[in-house]
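Me: Please take one part of this structure, the largest pocket, and examine it closely. I should also like to see how its surroundings are arranged.

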Amino acid sequence: MARADYSITVEEQRQFLETIKPLVIKACDRVGRVPASIVAAQAILESFWGKGDELDASTNNLFGQKAMGEDPWANGIVSVSSKEYNGKGEAYPQTSTFWNY
């Protein structure tokens, strides 16, 4: 469910960055491929500062990672109705499993 009100305060932005900062740094140190600032910026864009939709708020899954294979960082999975697209670009609803972090 998309958030209808796209306003956010500077304080909410600061809190979001303080929350994700240690996690982003830890993940980037572990993987060593992408700078932490880029990962944080992508998290902001994809999750609207962690307030974008039900998936972001309930699972801390800021990038919409579907549950496939193994993820040692995940804390289980959740099923969420998502919008998928067929080969013609037409949207259709589908229940998908996503990682819970």
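Reply: Angles between axes under 35 degrees count as roughly parallel, over 145 as roughly antiparallel, 65 to 115 as roughly perpendicular and the rest as oblique. Helix 1 and helix 2 pack at about 130° (between N-to-C directions, on a scale from 0 to 180 degrees, with axes fitted to C-alpha atoms over the stretch in contact), and these two helices are therefore oblique to each other. Their axes lie 9 Å apart, and helix 1 passes helix 2 in a right-handed crossing (the near helix turned clockwise from the far one by less than a right angle).

The model is predicted, with local features requiring pLDDT of at least 70 and side-chain atom pairs pLDDT 80 or more, while totals for chains, interfaces and linings use all residues. Residues are numbered from 1 along each chain as its sequence is written, and side-chain values use heavy atoms, without hydrogens or water.

The largest pocket (an open set of 1 Å grid points where a 1.4 Å probe fits, with protein on both sides within 12 Å along at least five of seven lines) holds about 1,100 Å³ of space. Its lining, residues with an atom within 4 Å of a point, numbers 30 residues. Ala27, Asn60, Phe63, Trp73 and Tyr101 lie nearest the centre of the pocket. By class, 17 lining residues are nonpolar, seven polar and six charged.

Helix 1 (10-31), helix 2 (36-47) and helix 3 (54-59) each give at least two residues to this lining. The largest share, 11 residues, comes from helix 1, which is also the partner of helix 2 in the oblique packing.

The wider setting is an α-α-α-β-β order from the N terminus, with three helices (DSSP H or I, at least four residues) and two strands (E, at least two). Strand 1 (residues 77-85) and strand 2 (residues 91-99) run antiparallel and are joined by nine bridges, where pairing requires at least two. Across this pair, Ile77 stands opposite Trp99, and Glu84 faces Tyr92. Five residues separate the strands in their hairpin, where Gly89 takes a positive phi near 85°. The C-alpha atoms of the whole protein fill a box of roughly 35 × 35 × 25 Å along the principal axes.

Definitions and conventions. Points joined across faces, edges and corners; volume = space filled by probe spheres on them. Nonpolar A, V, L, I, M, F, W, Y, C, P; charged D, E, K, R; others polar.
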